[in-house]
Amino acid sequence: MNNQLFGYDPQDTWLHHLGGATKLLAFIGLSVIAMASYDTRFTIVVMILTLILFKQAKITWRQISLVVKVIFAFSVLNLITVYIFAPEYGVHIYGTRHLLLGNHGYFTLTQEQLFYEFNLALKYIVTVPLALIFLITTNPSEFAASLNRVGVSYRISYAIALALRYIPDVQANYLQISLAQQARGYELSKKAKLATRLKGATQVLMPLIFSSLERIDTISQAMELRRFGRNKKRTWYMDHKLGKADYGTLLVVAGIIVIGIGLFKVNGGRFFNPFK
Amino acid sequence: MDKPTSKKQANVRTLVLAAEFAVFLAIFAQISIPFGIVPFTGQTLALGLFASIARPKISLSAVALYLIMGAIGLPIFAGGSAGLVVLFGPNAGYLFGFLIYVALVSAVIVKYQRWWQIALANLGASLLQLLIGTIGYALWVHVPVTQALYAGMVVFIPLAIVKVVIVTLVATKIIQRFGVFK
């Protein structure tokens with residue numbers, strides 16, 4: 001289905017062959033260090049690395065266009081909100097003030113604020129491809145097994161895997177119901193009036209929720225019949241033993257994290273300050 | 001809808017319902033209409049809806065699962081954001097406020113299921129969640145609480161009322177058909 005929120009896409013790349021636990025740990029590790037560090041040089045290097053990985057994962061624009069558009073819109077909104085609430089936050093962080101626009105009043109634009117917001121934007125460019133690589137190259141069942149392997153309860157792991165499997169189902173369901181209701185004459189296009197569109201949306205929403213709720217018994221009974229939750233531990237069909245590529249990847253990621261932490265010491269904190 | 005016959009079966013059903021509700025939360029979170037500096041997201045719509053049709057254990061499990069999924073990096077929070085940074089960032093109050101929202105609404109719904117009771121429970125919980133979120137935001141960004149209350153709560157109130165109306169209409173139909181999920 002086009003324009004899914006996200007979903008696993010089986011391909012033959014080295015990223016697809018990596019273990020779920022490896023990808024999960026690498027993804028969390030890189031995301032955390034990229035979000036924690038405000039060293040622009042470091043973030044740019046990590047960004048280039050993630051974009052190379054993104055290319056190697058053979059992810060197409062069609063697969064990610066919807067989620068990227070949504071994230072882009074919110075990122076821009078977030079950057080604007082940061083400026084509206086704290087237009088002098090950059091000045092507060094970097095300790096200098098290079099004015100670009102407006103010399104008095106609440107809204108002033110400084111180089112420091114722009115630099116701070118540029119760093120925030122970089123973080124989105126780093127973490128979004130990482131998340132998409134992880135989601136598109138990892139089978140939900142293997143993801144559940146990997147979560148369990150890193151210490152998450154298997155019930156929670158299974159619930160997450162179940163949720164990941166549901167997302168494409170709900171979206172496919174939505175598309176079917178939406179087309180059926182449009183064929184019956186309900187207007188959902190952007191050309192229609194808001195009231196008409198809301199009425200049409202309700203005609204899609206109700207059957208969508210009902211159909212989803214109706215399958216709950218089927219799924220829970222199937223799980224119950226397979227004695228789900230009877231034992232404290234379980235085995236996984238999709239479990240993946242760690243190989244050389246996994247250890248190599250974890251070593252590289254650990255190296256990047258160590259460099260990131262090392263830069264905290266070099267910069268005397270999380271922020272790289274080009275203004276001093 | 002069949003009632004679970006054993007504690008084990010009830011636990012499995014809770015897990016399946018939690019997964020289903022968490023998915024709807026994730027999908028609805030991506031529906032947004034810009035509204036000034038505050039986006040109108042479908043997240044709280046889904047939140048109110050599922051809190052209004054299930055007992056507290058189910059709705060709390062769903063929100064907890066949603067927060068866990070977001071925390072480990074799945075881009076399911078509003079605007080496709082994710083990670084511990086979001087969970088412990090300026091919007092943390094709004095996200096953790098979800099737990100209070102569903103706990104309050106579900107606790108009421110178990111006993112009272114008339115349309116006006118559903119509406120009142122959702123309105124009260126919605127305002128409380130907004131208040132918690134706004135105070136959290138103000139403390140994080142070091143903005144005066146009064147200023148934050150306007151930008152993060154007052155602006156939201158008309159939208160909250162619209163959401164409560166939609167939630168009440170849909171929830172009453174679901175309860176008529178399935179009953180409250182136990």
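This is a short walk through a two-chain model, chain by chain and then across the contact between them.

Okay, one thing up front: the model is predicted, so please keep that in mind while I talk.

Let me start with chain B. It has 182 residues, and buried ones make up 58% of them. In secondary structure, we get eight helices and two strands. If you read along the sequence, the pattern goes α-β-β-α-α-α-α-α-α-α, so to speak, a helix, then the two strands, then helices to the end. On the contacts inside chain B, take the ones between residues at least 6 apart in sequence: 68% of those join residues at least 24 apart.

What does UniProt list for chain B? The entry, which is unreviewed, gives "transmembrane region" for residues 66–88, 94–112, 119–143 and 149–172. I looked at one of these in the model. Over residues 94–112 of chain B, the chain is 95% helix and 0% strand, and the C-alpha atoms at the two ends sit 26 Å apart.

Now to the contact between the chains. How much area do chain B and chain A bury between them? About 4500 Å², with 81% of that on carbon and sulfur atoms. On the chain B side, the elements that give two or more residues are H1, strand E2 (38–41), and helices H3 (56–71), H6 (115–141), H7 (145–152) and H8 (157–178). H1(B) supplies the largest share, 15 residues. By type, the chain B side divides into 33 nonpolar residues, ten polar and six charged. As for the head count, 49 residues come from chain B and 51 from chain A.

And how many salt bridges does the rule find across that interface? Zero. For polar contacts, counting residue pairs with both partners at pLDDT 80 or more, the answer is zero again.

Let me zoom in on one residue, Glu20(B). You'll find Glu20(B) in helix H1 of chain B, which runs over residues 7–29. Is Glu20(B) buried or exposed? Buried: its relative accessible area is 1%, and the cut-off for buried is under 20%. Leaving out residues up to four places away in sequence, Glu20(B) touches Tyr166(A), Val170(A), Ser212(A), Arg215(A) and Ile216(A). There is an arginine in that list, Arg215(A), but remember that the rule finds zero salt bridges across this interface.

So where is the salt bridge? Over all chains, the structure holds one. In chain A, Arg41(A) pairs with Asp39(A), and their closest N and O atoms are 2.7 Å apart. The two partners sit in unlike surroundings: Arg41(A) is partly exposed, at 43% relative accessible area, whereas Asp39(A) counts as buried, at 1%.

Last stop, Leu79(A). Leu79(A) lies in helix H4 of chain A, residues 61–85. With a relative accessible area of 17%, Leu79(A) is buried, because the cut-off is under 20%. Which residues is Leu79(A) in contact with, neighbours within four places aside? Glu117(A), Leu120(A) and Ala121(A). And Phe118(A) is 39 residues away from Leu79(A) along the chain, yet their C-alpha atoms are separated by 9.1 Å.

That's my tour, and I'm happy to go back to any of these spots.

Definitions and conventions
Residues numbered from 1 in each chain as written. Chains lettered and ligands numbered in written order. Predicted model: local features only at pLDDT ≥ 70, side-chain atom pairs only at ≥ 80, totals over all residues. Heavy atoms only, no water. UniProt positions renumbered as here; feature names shortened; annotations may be inferred. Helix = DSSP H or I, 4+ residues; strand = E, 2+ residues; numbered from the N terminus. Buried < 20%, exposed > 50% of the residue type's maximum accessible area, 1.4 Å probe, protein only. Contact = heavy atoms within 4.5 Å. Buried area = accessible area lost by both parts, 1.4 Å probe. Salt bridge = Lys/Arg side-chain N within 4 Å of Asp/Glu carboxyl O. Polar contact = N/O pair within 3.5 Å; in protein donor to acceptor, adjacent residues only side chain to side chain. Nonpolar A, V, L, I, M, F, W, Y, C, P; charged D, E, K, R; others polar.
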